[in-house]
Amino acid sequence: MTHPHAPDAPGPGFRPRAVVAMSRDAAAAVLDPHSLGAFREVCDLAPLPALDDLSTPRARSLLADADLLITGWGCPPLDAGVLRAAPRLRAVVHTAGTVRGHVTDACWERGVEVSSAAAANALPVAEYTLGMILLTGKRVLERARDYRLARSRGNWLRTPRSVGNYRRTVGILSASLIGRRVVELLRPHDIDVLLHDPYVSDADAAELGVERVGPAELFARSDTVSVHTPLLPETRGLVSRALIDSMPAGAVLINTARGAVVDQDALTDAVLAGRIRAVLDVTDPEVLAPDHPLWDCENALITPHLAGSEGNEWRRLADLALAETARWASGAGFLHPVRRERLAFLA
């Protein structure tokens, strides 16, 4: 229940009326009992289940009083019709990354404030990427496989000089939230980092501690290229056959962004030929056909889009959303706002 004399706008003492809008599976995953209890400390939270259909009588009844929506995976679009049913709605706190699927032009036109947990979701993706950079640099997976088959170590003093992570060159494609976190996690290591991002200046690159280069130079010089480019019309197929073919022999392509950023056929050809290796948390299509040759290729490691938040990492998303809700209610505004003018550059 709202306190009878509570302020009606963000500021001291304001308790927003909040409604959870996402798939019920997403709500069960991200909003555990601890998180729900914490949300109830800072807002008047409508009872679950979460709203996964905003056209039902129950949804319309809850929306009528909502100041704030706590959204997540599976949230329906917040279009003009939904906003008409939610005349008080002033803020959306998203417990996942991109808001493209549900925050519509109608939200921006009303002036609804939007926050995203993209920064929290960036960390596990960056951690996955760092792990794969270091593992592939030591060729851990292939050497473990060979060791299992041979049951003997061999002469370790004959290890090729191409193995190892000392002064390895890693190319980061896009200084996105995730790309920047990868750069940050690489700093303690003896690794040279190249960056291509057309929106990053030389001064920005120097501040990041990376060398800014063009895409051709990035692929030609890097032992490992890690793709962090959002999928936009202009980035579809950005990692072209020419770029893939320019990679040094034995180089690694890591993709945790979107499969369609990479020319899948060109990548398949290069990996099957044994020229390069690939670590793919995303592919195009999202799940390759059962008979796709990459499944059985020893030079490819394919994981089921698991780099983002999963398991206990969902708590980080809820914690960020909770902090954002508390800040907004207090009148301090969001620490992680999503700006309409930046949508074109976000994943």
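Reader: Which residue in S5 does His94 stand opposite?

Author: In this model, which is a predicted one, His94 stands opposite Ser116 in S5. Strand S4, residues 91-94, runs parallel to S5, and four bridges join the two strands.

Reader: What makes S4 and S5 a pair of strands?

Author: Two strands pair if there are at least two bridges between them, and four bridges join S4 to S5, so the two strands count as paired.

Reader: In what order do the five strands form the open sheet, and why are S2 and S5 called edge strands?

Author: The order of the open sheet is S2-S1-S3-S4-S5, with parallel pairing. Strand S2 (44-45) and strand S5 (113-116) are the edge strands, and each of them pairs on one side only. In general, the strands of a sheet pair through backbone hydrogen bonds.

Reader: Which helix lies across strand S3, S4 and S5, and how is this helix directed with respect to S4?

Author: Helix H13, made of residues 314-330, lies across strand S3 (68-71), S4 and S5, and runs at about 160° to S4. Angles over 145 degrees count as roughly antiparallel, so with its angle of about 160° H13 is roughly antiparallel to S4.

Reader: How do you know that H2 and H13 are roughly parallel to each other?

Author: The two helices pack at an angle of about 5°, with their axes 10 Å apart. Angles under 35 degrees count as roughly parallel, and H2 and H13 are therefore roughly parallel to each other. In this contact His34, Ser35, Ala38, Phe39 and Val42 in H2 meet residues of H13, among them Arg315, Leu322 and Ala329. The residues of the contact divide into eight nonpolar, three polar and one charged.

Reader: Which element gives the largest share of the largest nonpolar core, and which residues have the most contacts inside this core?

Author: The largest nonpolar core has 28 residues, and those with the most contacts inside it are Val20, Met22, Leu31, Phe39, Leu45, Leu68 and Ile70. Two or more residues come from each of strand S1 (17-21), helix H1 (24-30), helix H2 (33-42), S3, S4 and H13, and the largest share, seven residues, is that of H13. A second, separate core of 27 residues includes Leu253, Leu267, Ala278 and Leu280.

Reader: Why is Ser174 called buried and Arg151 exposed?

Author: Buried means under 20% relative accessible area, and Ser174 has 10%, so Ser174 is buried. Exposed means over 50%, and Arg151 has 66%, so Arg151 is exposed. Ser174 is found in the loop between S6 and helix H8 (177-186), whereas Arg151 is found in the loop between helix H7 (140-150) and strand S6 (168-173).

Reader: What is the phi of Arg151, and what is that of Ser174?

Author: Phi of Arg151 is near 60°, a positive value in a residue other than glycine. Phi of Ser174 is near 100°, which is also a positive value in a residue other than glycine. Most residues other than glycine have a negative phi, and most peptide bonds are trans.

Reader: Where are cis peptide bonds found?

Author: One cis peptide bond joins Leu48 and Pro49, with omega about 15°, and Pro49 is found in the loop between S2 and helix H3 (57-63). Another joins Asp284 and Pro285, with omega about 5°, and Pro285 lies in the loop between strand S11 (277-280) and strand S12 (300-302).

Definitions and conventions: Residues numbered from 1 in each chain as written. Predicted model: local features only at pLDDT ≥ 70, side-chain atom pairs only at ≥ 80, totals over all residues. Heavy atoms only, no water. Contact = heavy atoms within 4.5 Å. Axes fitted to C-alpha atoms, helices over the stretch in contact; angles between N-to-C directions. Core = buried A, V, L, I, M, F, W, Y, C linked by side-chain atoms within 4.5 Å. Buried < 20%, exposed > 50% of the residue type's maximum accessible area, 1.4 Å probe, protein only. Parallel < 35°, antiparallel > 145°, perpendicular 65-115°, else oblique. Nonpolar A, V, L, I, M, F, W, Y, C, P; charged D, E, K, R; others polar.
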